[in-house]
Amino acid sequence: MPILLLFIFLSCAHVVHAETAESSNAPSNAPPTASASAAPVSRATGAGNGLIDAADLPAGLDDAAQVDFYCLRRAYPQITGMTTDAQGQWLVFNDGRRVLYDAAPGAAPSTGPQESEWVVSVRTSMAEPYPLEPQRPDTPLGVSPGRRRSYDLLQALYGSTPKAVGVHLVQARLLGQHLHLSPAAAQAMNRANAHLAPQAAQEPRLKTLLKMDGGFAWRRIAGENRLSPHAFGIAFDISPGIATYWRWSKLRPHPLQQSYPPAIVEAFENEGFIWGGKWHEYDLMHFEYRPEIICKARVWQGLEPLPNNDAPKNLAQPAVSAVPVAPSGEATAPADASAAPSVSQ
Ligand SMILES: [Zn+2]
């Protein structure tokens, strides 16, 4: 079956959730169940070896690019350098592959999907400030830190086909429940579990909100053309019956965006996961392993120093403000009208 048709089939078959997924959505090539065994991961950012020094930061980068490159290297040790040509700035992997970090002014994207509001360059994917707990700022239209993604980077990190992603998946656990994730995300999940399990034993509400609903699933986001982060084994959903998705609710914002237990969000943020409750298009059940974004938030807040003495001068975290977006379109209008109630934004 041609890939495009397979895509359409999978999308039509799984329109219940958006970024969210259920374990039953996993493709037939079921992932192995070996325990997570990826490279060591630091607690501060959820990844990396913490041994980056000033010599690793390329010269000539602007302030944002310096922070981005530092955090990308910490998060993904296979990224080893950065290079520039007429097309723009590229991240260089240890096997020689390159991923465009930022296109040069006037340069057309040379690879990957055409840039749109949600499918963006690596630089743009890291541009919006993510508010770490206990911050829960308002999420007006345009505020969705981490919901914009570079699919070139995701495919380079995790694979571009179900088989390529699935072969690396390992089993992770949360309160005795199991799911499949990419190795670094699985290790991060297991550390969060070690932190959360004793708390959940004492607080029934936490346990109620920690019902696993699935990790890896190769499919698109409902109502959108782009792949779900679940397709890369970096996302999981918990308690969707309580923690809903914006398309299935008329509430804007949703009260749980403020009242969801900080203990859960903090435990996962500490291990490199972002929470979909901090998006305008909220996904309250959804956590996603994006250690580069957590790292950048920590740098902005002064919780993580850069390694060089010539640190960027403008490290103050930008105010959380809405990114201008169209009031309709991909973000707010489901392509499949049957997939969700209509929205009015
Ligand atoms: Zn999800």
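The mean pLDDT of the chain, where pLDDT is the predictor's confidence in each residue from 0 to 100, is 79, and 70% of the residues reach 70 or more. Over residues 1-18 the pLDDT is below 50, and this stretch has 21 contacts in the model beyond near neighbours in sequence, two residues being in contact if their C-beta atoms, placed from the backbone, lie within 7 Å. Residues 21-51 also have a pLDDT below 50, with 84 contacts beyond near neighbours in sequence. Where pLDDT is low, the predicted coordinates should not be read in detail. Since this is a predicted model, local features need pLDDT of at least 70 and side-chain atom pairs count only at pLDDT 80 or more, while totals for chains, interfaces and linings use all residues. Residues are numbered from 1 along each chain as its sequence is written.

The chain has 10 helices and 8 strands, which are DSSP runs numbered from the N terminus (helices: H or I, at least four residues; strands: E, at least two). Of its 345 residues, 44% are buried; a residue is buried if 20 or more other C-beta atoms lie within 10 Å of its own, exposed if 12 or fewer, and partly exposed in between, with C-beta atoms placed from the backbone.

One place to begin is strand S4 (residues 170-174), where Val170, Ala172 and Leu174 point to one face and are buried, while Gln171 and Arg173 point to the other and are not. In a regular strand the side chains alternate between the two faces of the sheet. S4 pairs with strand S5 (residues 177-181) in the antiparallel sense over 5 bridges, where pairing requires that DSSP finds at least two bridges between two strands. Leu181 in S5 is the bridge partner of Val170, and the two strands form a hairpin with 2 residues between them, in whose turn Leu175 has a positive phi of about 50°.

Further along the chain there is an open sheet of 3 strands in the order S6-S8-S7, with antiparallel pairing. Its edge strands, S6 (235-237) and S7, each pair on one side only. S7 and S8 are joined over 3 bridges, and Phe273 has Tyr289 in S8 as its bridge partner.

Helix H9 (residues 262-269) lies across S7 and S8, running at about 145° to S7; axes are lines fitted to C-alpha atoms, for helices over the stretch in contact, and angles run from 0 to 180 degrees between N-to-C directions. The buried residues of H9 are Ile264, Val265, Ala267, Phe268 and Glu269, and they pack against helices H6 (183-202), H7 (204-208) and H10 (291-300) as well as strands S7 (273-275) and S8 (286-289).
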